Structures are given as structure tokens and as C-alpha cells.
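User: I would like to go through this model carefully, one question at a time. Please reason through each answer before giving the value or name.

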Amino acid sequence: MAEITALTTGMGLLQWKKFVVERIPIPQILTEQQRPFVELVDRILAMKDARPSANTGKMEAEIDRLVYGLYELTTEEITAVQERL
């Protein structure tokens with residue numbers, strides 16, 4: 001996977017340029033494949049609506065895992081992503 005980087009402003013902020021963002025590959029998936037994402041997001045939103053301090057970390061980690069699968073990331077790539085969070 002090619003590395004896509006953002007420019008820095010010199011003040012520690014990242015600045016994304018349109019031509020860079022347009023190159024980010026976004027996989028197209030069927031509605032049925034979207035279902036796990038939708039269900040997790042709906043559960044997170046419901047929990048946060050009921051109690052804003054609710055711990056949704058496990059569900060958020062599951063969404064991350066699903067996204068890594070969509071992009072077919074290797075273990076090394078996943079580690080690199082997680083280190084930047």
C-alpha cells in the first residue's frame with residue numbers, strides 16, 4: 001500500500017491537500033457488507049445518547065478491525081496505523 005501523507009503547517013498541525021485526499025482508496029462494498037458497521041455505530045450512538053460517558057471502546061475497536069479487513073492491511077500496516085492514533 002502506498003503511503004499517503006499530509007503536509008504540516010509548521011505549527012504541529014496536519015494540512016490535507018485535495019489532490020492527496022482524492023488518492024485515498026475507498027473500497028466499494030455491498031449494503032449487506034455494510035451491516036456490521038451500521039449495527040456497531042447504531043449501538044455506540046444509542047449507548048452515548050443514554051450515557052455520554054459510556055465506554056464504547058470495544059465496539060470502536062471492532063469497527064477498526066472491520067476497516068482493516070476492508071483494506072486488507074497486513075499486521076505491520078495495522079501496527080503502523082495504531083501507533084499513529
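User: How many residues does helix 3 have, and how far does helix 3 reach from its first C-alpha to its last?

Analyst: This is a predicted model, and what follows should be read as such. Helix 3 covers residues 57-70, and at 1.5 Å a residue a span of 20 Å is expected for this helix. The computed reach is close to that expectation, with 14 residues and 20 Å from the first C-alpha to the last.

User: Which residues of helix 3 are buried, and what do they pack against?

Analyst: To count as buried, a residue must have under 20% relative accessible area. In helix 3 the residues that fulfil this are Met59, Ile63, Leu66 and Tyr68. The elements against which these buried residues pack are helix 2 and helix 4 (75-83).

User: Which residue just after helix 3 takes a positive phi?

Analyst: Helix 3 runs over residues 57-70, and the backbone just after this helix has a phi of about 50 degrees at one position. The residue with that positive phi is Glu72.

User: Which residue forms a salt bridge with Glu62, and how accessible is that partner?

Analyst: Side chains of opposite charge can pair when their charged atoms come close. In helix 3, Glu62 and Arg65 lie three residues apart, about one turn of the helix, and their closest N and O atoms are 2.5 Å apart, within the 4 Å that a salt bridge requires. Glu62 is partly exposed because its relative accessibility is 28%, between the limits of 20% and 50%. The partner is Arg65, likewise partly exposed, with a relative accessible area of 49%.

User: Where does the salt bridge between Glu32 and Arg35 lie, and what is its N to O distance?

Analyst: Both residues belong to helix 2 (residues 31-50), where they are three residues apart, about one turn of the helix. Glu32 counts as exposed because its relative accessibility of 53% is over 50%, whereas Arg35, at 41%, is partly exposed. The side chains meet in helix 2, with an N to O distance of 2.9 Å.

User: Is Thr56 buried or exposed, and which residues does Thr56 touch beyond four places away in sequence?

Analyst: Thr56 has its place in the loop between helix 2 and helix 3, and it is buried because its relative accessible area is 2%, under the 20% limit. The C-alpha atoms of Thr56 and Ile44 are separated by 6.2 Å, although the two residues are 12 residues apart along the chain. The side chain of Thr56 also makes a polar contact with the side chain of Glu60, at 2.4 Å. Leaving out residues up to four places away in sequence, Thr56 is buried and touches Ile44, Met47 and Lys48.

User: Which residues make the nonpolar surface patch of about 380 Å²?

Analyst: One of its members, Trp16, is found in the loop between strand 2 (14-15) and helix 1 (18-21). A patch residue must have over 30% relative accessible area, and Trp16 is partly exposed at 44%. The patch is made by Trp16, Val21, Ile24 and Ile26.

User: What pattern does the protein follow along the sequence?

Analyst: The protein has four helices and two strands. Read along the sequence, these elements give the pattern β-β-α-α-α-α.

Note on methods. Residues numbered from 1 in each chain as written. Predicted model: local features only at pLDDT ≥ 70, side-chain atom pairs only at ≥ 80, totals over all residues. Heavy atoms only, no water. Patch = residues over 30% accessible without salt bridge, like charges linked within 9 Å, V, L, I, M, F, W, Y side chains within 5 Å. Areas by Shrake-Rupley, 256 points an atom, 1.4 Å probe, with all protein chains shown as cover. Salt bridge = Lys/Arg side-chain N within 4 Å of Asp/Glu carboxyl O. Buried < 20%, exposed > 50% of the residue type's maximum accessible area, 1.4 Å probe, protein only. Expected span 1.5 Å × (residues − 1). Contact = heavy atoms within 4.5 Å. Polar contact = N/O pair within 3.5 Å; in protein donor to acceptor, adjacent residues only side chain to side chain.
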